[in-house]
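Reader: I should like to learn how the features of a protein model are read. May we go through one together, beginning with its cysteines?

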Amino acid sequence: MLTSDIDVDRSIVTFRNEDGKTELTISTAPLSTVEATPAAHLIPPPDAKAETALKQTAEIITSLTNTNSYIHIDFPDVISICASAAIRIIRFNAGDDPSKAFSDALAAQGINPSCCDRALINIGAPANIGLAKVTSLVTIVQEAVQDDALIICGLALDPQQKDTEITVILAKPEGETAAHEN
């Protein structure tokens, strides 16, 4: 089981495995100020405090990796997307028009996904979701990022869930952070 510890003073969240070994450090400060590796630079949403963004990131990543999913995302998947990268985390409800919902979520955070070379997509859906719907949701993100982007997908099915919620982590190498913004 994955755990997370937030150090507000240093603006970092540290993820540890069951043995207590640090697996990943995510910071709202540039990677050059983070001593641990692997590490990622979290770019918080506009008007979000660093502490709030770190708490949300800890909750999201822990829930993605600790969930008993149909197609499971494990922590090495998270590391392969996030390590040495500037990351943005987007959550949206698929609703009637998932493409618009994704575009709106990107616009709200000022993200240009076409410069992202990695994406982690997790779909939380009712148990009766069809493969065509899952494929179309992944395609929405796939078409927005670079053509050769590394994309890792997960699917969590819940018979009690009524809506389909998508979590996307978009990543770009840290040195190209400026291009990550609109």
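**Reading the features one by one**

Author: The structure holds zero disulfides. Please bear in mind throughout that this is a predicted model.

Reader: What is a disulfide in general, and why is there no bond at Cys82?

Author: A disulfide is a covalent bond between the sulfur atoms of two cysteines. Here a pair would count if the two sulfur atoms lay within 2.5 Å. The closest cysteine sulfur to that of Cys82 belongs to Cys116, and at 12 Å the two are too far apart for a bond. Cys82 is also buried, with a relative accessibility of 0%.

Reader: Which cysteine sulfur is closest to that of Cys115, and at what distance?

Author: Again the partner is Cys116; its sulfur is 4.9 Å from that of Cys115, which is too far for a bond. Cys115 counts as buried at 10% relative accessible area.

Reader: Where do the buried nonpolar residues gather, and how many belong to the largest nonpolar core?

Author: In soluble globular proteins, nonpolar side chains tend to be buried together. In this structure the largest nonpolar core has 27 residues, and Ile26 and Ile87 have the most contacts inside it. Several elements give two or more residues to this core, among them strands S2 (12-16), S3 (22-27) and S4 (39-42), together with helices H1 (50-66) and H2 (75-82). Strands S5 (85-93) and S8 (165-173) do so as well. The element that gives the most is H1, with six residues. There is also a second, separate core of 26 residues, including Ile90, Phe102, Ile111 and Ile166.

Reader: How is a helix such as H3 to be read, and which of its residues are buried?

Author: One may begin with the length. H3 has 12 residues, which at 1.5 Å a residue should span 16 Å; the end C-alpha atoms are 17 Å apart, in agreement with that figure. One then asks which residues are hidden: in H3 the buried ones are Pro98, Ala101, Phe102, Ala105, Leu106 and Gln109. Viewed down the helix axis, these buried residues fall within an arc of 135°, so they line one face of H3.

Reader: Against which elements do the buried residues of H3 pack, and which exposed residues are on the face turned away?

Author: The buried residues of H3 pack against S5, helix H4 (131-144) and S8. On the face turned away from the buried side, H3 carries the exposed residues Ala107 and Ala108. After H3 comes Gly110, which has a positive phi near 65°.

Reader: What of positive phi in residues other than glycine: where is Ser11 found?

Author: Most residues other than glycine have a negative phi. Ser11, although not a glycine, has a positive phi of about 55°. Ser11 is found in the loop between strand S1 (3-7) and S2. Ser84 likewise has a positive phi, near 55°, and lies in the loop between H2 and S5.

Reader: How many salt bridges are counted, and how should one read the pair Asp104 and Lys100?

Author: A salt bridge is counted where a side-chain nitrogen of Lys or Arg lies within 4 Å of a carboxyl oxygen of Asp or Glu. The count comes to six salt bridges. Asp104 and Lys100 form one of them, at 2.8 Å from N to O. The two residues are four apart in helix H3 (residues 98-109), so about one helical turn separates them. Both surroundings can be read from accessibility: Asp104 is partly exposed at 40%, and Lys100 is partly exposed at 47%.

Reader: Is Arg10 buried or exposed, and what is the relative accessibility of Asp7?

Author: Arg10 counts as exposed, at 53% relative accessibility, whereas Asp7 is partly exposed at 25%. Their side chains meet in a salt bridge of 3.6 Å, N to O. In another pair, Asp117 and Arg118, the closest N and O atoms are 3.3 Å apart, and Arg118 is buried at 12% relative accessible area.

Reader: Lastly, where is Gly124 placed, and with which residues is it in contact?

Author: Gly124 is in strand S6 (residues 118-125) and is buried, at 12% relative accessibility. Leaving aside neighbours within four places in sequence, Gly124 is in contact with Ala156, Gln161, Asp163, Thr164 and Glu165. The C-alpha atoms of Gly124 and Lys162 are 9.9 Å apart, with their positions 38 residues apart along the chain.

Note on methods. Residues numbered from 1 in each chain as written. Predicted model: local features only at pLDDT ≥ 70, side-chain atom pairs only at ≥ 80, totals over all residues. Heavy atoms only, no water. Core = buried A, V, L, I, M, F, W, Y, C linked by side-chain atoms within 4.5 Å. Buried < 20%, exposed > 50% of the residue type's maximum accessible area, 1.4 Å probe, protein only. Expected span 1.5 Å × (residues − 1). Arc of directions from axis to C-beta. Contact = heavy atoms within 4.5 Å.
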